[in-house]
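Trainee: Got a minute? I'd like to go through this one with you.
Mentor: Sure, put it up and ask away.

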Amino acid sequence: METLQTVDPHYGRLSAVVDARLIKDGLLRNHIRIAFDRPANPVVSIIIVSFNAPDLLILTLYRLASHYKLAGAVFEVIIVDNASGNETKTILNILDGVEIIYCETNIGFGPACNLGARSANGRYLLFLNPDVELIPGAIGALIEPFSDDTVGIVGARLVFPGGYLQECGAFFQDDSQLTHPYGRGNKNPFTAEGAFRRDVGYVSGAVMAVDRTLFNSLGGFDDLFAPAYFEDTDLCVRCHQSGRRVVYQPKATAIHFENATSPSRQDVDSLIDRNRQRFLDRHRSWLFQRHEAPPLFADRTYDSWALKVLFIDDAVPHLDLGAGMPRSNLIVTLMAQLGYHVTIYPVYRSDVDTLDRYRDLPDTIEILDSDGEAGLSALLDGRCNHYDVVWVSRPHNINLLCELIQSRDIDLRVLARRRVIFDSEALFCVRDFLESTLKRGVGFGAAFGRNAAAEIRNFSQADHVICVSESEARLLKNFGLSNVSVLGHAFEPPPRDIPNFGDRDGFAFIGSLSETSSPNTDSLLWFFKTIWPHIRSQAGDVKFRVIGEVSSEVSEMLSYPGVSFEGRVMDPAPLYDQSRVFVAPTRFAAGVPHKVHGAIAQGLPCIVTPILAEQVGWPDGSGFRCHDWRTPDDFASGLLRLYSDESIWRAVQKKGFEYIAQDCSLSIFRTTLRCLCEASVVA
């Protein structure tokens, strides 16, 4: 991901102060008031404690009012003024729709927040420093995690003015510093390490959302830490102790000028040192109670005992990429649902934008930037002994990792403390052998054996080897591997009524067509040249919907009457519902065809070739009809029968649902996955 041209925080603050003074000058000289709605039933009560610093206060309020429609939640504003001077009171006097509480003396940050909370009407309290600019949508994002009632406190991604990252969650460690904001000083505020949601030790009180009921039950911020510092960390620890969670939410971003309202750095340091000791005196025995094991918070995440998984694949596994990626997507999604802390390293390709990366993946997963071998080397150097499980997908990635391990003369256990799992996904030696045999008319078993042995040469180093089909499991066992399991595909029944035979027309295909030499391109070229003219002559002006990424070169090659290119889609179900038959005319491939399973699971009967029928392993008529591409007339007539005969179509669909429920059960898939990741290693 491209790094921004960020500015040093000191100069960023200077620029922000200039902006703030210009805004203040414009508002006051033009007699403009800052107005907020005052809703009867706010979801969020924003509490701001002001103490002088009128320039940044007016910037905070101006931005907040300007973004009211973009906030993502209905809110009210409560300001508690800690006996500020006249200049600040001038700012407060131009506010409409704000409840202002004036204190006769400076009672400190925590006590002032408690005072504001007593006037709050919202279900959630949002404590906001007077030197913070919220990015649009931040308020709605901050309350989103509260849909899980185990969450008690939520914090934002804080960024210095100028773009340097201030923190993205924080943790405790038993050292002289004690508190450790994660990511502080990173020049890229969009760093992948700060883009995923997770439980943390604490979040900053500069932008802190709290369930109001919890806040009241805990007694609010403790006056012990007045006037300021460590009252937020203390509240977070007491939240943990109450059984509620503290969550970092990366979708909520705020520009924080930090210490802009403090009188001097010396005063700040003095207060921090005093209150750090008070915090330690209160919580040390709870924070660091188990000296024989890693400290409770000695990580960027709160739960250091959750299973940590490193998942390595070619790319970020999106559902619309094909080539085994939908299966990888399911695996990492289920891992996240099981409570594992998952890191994805996409070796060769990742999405530039964070939004694209998480378009179909849980935002609790860390998705790193792609950097090939160099990135994998960096993981080995920087995250040794961090992961419990390493899951590597595809033989070339398995061999790359093993070669890097061997070049360092270390063991895989340096990277994975408990389990090393190699997922063959699809053995390329099988595909290459079939493709070569197809093109040359002859194949040699000895050559296949050499290629297979080379491809799986490092598989024996894993605690477990996973493949997608029983046929590939048998192949691996023939090469001496005994620790082999099958983890195929899984689907849930369609969550809707699907169209009947008569409400559908045309054909569908899904798969990546980005390369001219791929099995998908080969299969469709053969189909459109050999079969499609006959189908059109018999069935009339029928449609053929091609779903998936397609290059301009391939689209020109496949430009035939009735063919439409639908592109990549997040959910192919609506296009499947329009179609009557799914066509999979594959002539060479490896693994198990996810496209066939996916179509059958959506109630769309398929026409497949013998190689796909063998990979699926079900009898003919179980969601598909099998016809050999080497007998084109038979293939075409079989396709037309399935397309035109409703009784055959219904029987194939019904049997397909039965086999999907039997062999592609999501609950069985989840149980198998959990056993693989959590099984004990016996030395």
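Trainee: What does the phi of Gly603 look like, just after H20?
Mentor: Gly603 has a positive phi of about 80° there. Keep in mind that we're looking at a predicted model.

Trainee: And H20 itself, is that mostly covered or mostly open?
Mentor: Mostly covered, with seven of the eight residues in H20 buried. The buried ones are Lys595, Val596, His597, Gly598, Ala599, Ile600 and Ala601.

Trainee: Which strands does H20 touch?
Mentor: Helix H20 covers residues 594-601 and packs on a sheet, where it touches S22 (507-510), S25 (581-584), S26 (606-608) and S27. The direction of H20 makes about 155° with that of S26.

Trainee: What's the strand order in that sheet?
Mentor: S24-S23-S22-S25-S26-S27, an open sheet of six strands with parallel pairing. S24 (563-567) and S27 (624-626) are the edge strands, and each pairs on one side only. On average, neighbouring strands in this sheet are turned by 25° against each other, direction ignored.

Trainee: How many bridges hold S23 to S24?
Mentor: Four bridges, in the parallel sense, with S23 running over residues 544-547. If you want a pair to look at, Val546 stands opposite Phe565 in S24.

Trainee: OK, other sheet. What's the order in the one with seven strands?
Mentor: That open sheet reads S17-S16-S15-S18-S19-S20-S21, and the pairing is parallel.

Trainee: Why do S17 and S21 have one side without a neighbour in the sheet?
Mentor: S17 (366-367) and S21 (484-486) are at the edges and have a single partner strand each, so one side of each has no neighbour in the sheet.

Trainee: And how many bridges are there between S16 and S17?
Mentor: Two, again in the parallel sense, and S16 spans residues 341-349. Ile344 has Ile367 in S17 as its bridge partner.

Trainee: Which helix packs on this sheet at S20 and S21?
Mentor: That's H15, residues 470-478, touching S20 (464-467) and S21. The directions of H15 and S21 make an angle of about 175°.

Trainee: Switching to backbone oddities. Where does Asp409 sit, and what's its phi?
Mentor: Asp409 is in the loop between H12 (395-407) and S19 (416-423). Its phi is near 55°, which is positive in a residue other than glycine. Most residues other than glycine have a negative phi.

Trainee: Is Asp409 buried or exposed?
Mentor: Exposed, because its relative accessibility is 71% and the cut-off for exposed is over 50%.

Trainee: What about Ala83?
Mentor: Ala83 also comes with a positive phi, near 60°. Ala83 belongs to the loop between S3 (75-81) and H3 (86-92), and at 29% relative accessible area this alanine is partly exposed.

Trainee: Which peptide bond is cis, then?
Mentor: The one from Ala226 to Pro227, with omega near 10°. You'll find Pro227 in the loop between H6 (212-217) and H7 (231-241).

Trainee: I was also looking at Arg394. Buried or exposed?
Mentor: Buried, with a relative accessible area of 5%. Arg394 is placed in the loop between S18 (387-393) and H12.

Trainee: What does Arg394 touch?
Mentor: Leaving out residues up to four places away in sequence, Arg394 touches Asp313, Asp314, Ala323, Gly324, Met325, Asp423, Ser424 and Glu425.

Trainee: Now the empty space. How many cavities of 30 Å³ or more are there?
Mentor: Two. The largest has a volume of about 90 Å³. There are 14 residues lining that largest cavity, and Leu64, His67, Leu134, Ile135 and Ile139 are the closest to its centre.

Trainee: Which elements give two or more residues to that lining?
Mentor: H2 (54-66), S7 (132-134) and H5 (138-143). By type, the lining of the largest cavity divides into nine nonpolar, three polar and two charged residues.

Trainee: Last one, the whole chain. How many helices and strands?
Mentor: 24 helices and 27 strands. The C-alpha trace spans about 95 × 60 × 45 Å along its principal axes. Of the 683 residues, 57% count as buried.

Methods
Residues are numbered from 1 along each chain as its sequence is written. This is a predicted model: local features need pLDDT of at least 70, side-chain atom pairs count only at pLDDT 80 or more; totals for chains, interfaces and linings use all residues. Side-chain values use heavy atoms; hydrogens and water are left out. On a 1 Å grid over the protein atoms alone, a cavity is a set of points where a 1.4 Å probe fits but cannot get out, and a pocket is an open set with protein on both sides within 12 Å along at least five of seven lines; lining residues have an atom within 4 Å of a point. Grid points are joined across faces, edges and corners, and a volume is the space filled by probe spheres set on the points. Ala, Val, Leu, Ile, Met, Phe, Trp, Tyr, Cys and Pro count as nonpolar, Asp, Glu, Lys and Arg as charged, and the others, Gly among them, as polar. Two strands pair if DSSP finds at least two bridges between them. Contact means heavy atoms within 4.5 Å. Axes are lines fitted to C-alpha atoms, for helices over the stretch in contact, and angles run from 0 to 180 degrees between N-to-C directions. Buried means under 20% relative accessible area, exposed over 50%, partly exposed in between (1.4 Å probe, protein chains only).
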